[in-house]
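Here is a short, friendly walk through one model, from the whole chain down to a single side chain. Have a look at the sequence and the structure first.

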Amino acid sequence: MSEDNSRNSQGQAPETPDQRLRTALLADKVVVVSGVGPGLGRSVCLEAAAAGAKVVLAARTESRLKEVAAEIEAMGGTTLCVPTDITDDAAVRNLVERTLAEFGRVDALINNAFAVPSMKPFARTDFKQITDSLELTVLGNLRMTQAFTDALAETKGAVVMVNSAVLRHSEPRYGSYKVAKSALLAMSQTLATELGEKGIRVNTVAPGYIHTDQLKWYFGEVAKKYGITAEQVYQTTAAKSDLKRLPEPDEIANSVIFLASPWANAITGQTLDVNCGEYHV
């Protein structure tokens, strides 16, 4: 990819969280983030820390958690790493217990964990792949929300589910992914209704393409297949959006942080699409 794709409209490289003044949107808050990986999960953790939060990082791979935690701590932030399989009841209970033992409260839960889509048409999709996806993306995030409900009720906190723009289309080969993400949306809306009386807000962010290293690699593979450049793949893909570009991970993360923050105190049961105008809802 060309360097231009990582620059803003003024031609400047986007600032990293440690280069900005802290927004204080989440000052003194405790934020739990599941599904921490090298892409959006990392960005959510960094942006939460930049907004002043203490960040609890949860994912299956401990080494990945420690890498992101080290970045946050280099910024002067505070972290807690808890390796967690969100499909396991005992592991999730341990996450809650360790979080409360360390910080005594939880103000926001960011459910970012998901299963990688099979990218096969329904005619060739393994049923186990669909059930595994539902187990992680839907039931895993429900398990997390249930486990943290009492703590979130104490702080009148927020849950943010990370969904996908797959909700907005029915393109071939995305069927099993859309099933899981559509179920996640339906569950999120019901949770907003059920937990509202406890003062807990539940909202959803639905990103389109996210310009991560993984996507850049994919564009490179597509470019090789068709004998074109990765830049051409990017431009063709971005042309479908109003802004003619793809969102950066930090831009998606900022939307997540907004919904987790007191600035969104009157917002619940909603879905915020972040796709540079690829879809209008």
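## Surface, fold and one histidine

The protein chain exposes about 13600 Å², of which carbon and sulfur atoms supply 51% (Shrake-Rupley method with a 1.4 Å probe). Do keep in mind that this is a predicted model, where local features need pLDDT of at least 70, side-chain atom pairs count only at pLDDT 80 or more, and totals for chains, interfaces and linings use all residues. Residues are numbered from 1 along each chain as its sequence is written, and side-chain values use heavy atoms, leaving out hydrogens and water.

Eight helices and seven strands make up the secondary structure of the protein chain (DSSP runs: H or I of at least four residues for helices, E of at least two for strands). Some whole-chain values follow.

| Property of the protein chain | Value |
|---|---|
| Span of the C-alpha trace along its principal axes | about 55 × 45 × 35 Å |
| Buried share of the 281 residues (buried: under 20% relative accessible area, 1.4 Å probe) | 48% |
| Share of contacts (heavy atoms within 4.5 Å) with a separation of 6 or more that join residues 24 or more positions apart | 73% |

Now for a single residue: where does His-211 lie? His-211 is in the loop between β6 (201–207) and α6 (213–226). Its relative accessibility is 3%, so His-211 counts as buried. The His-211 side chain also makes a polar contact with the side chain of Glu-248, at 3.1 Å (a pair of N or O atoms within 3.5 Å, one able to donate a hydrogen and the other to accept it; residues adjacent in sequence count only if both atoms are side-chain atoms).

Methods
Buried means under 20% relative accessible area, exposed over 50%, partly exposed in between (1.4 Å probe, protein chains only).
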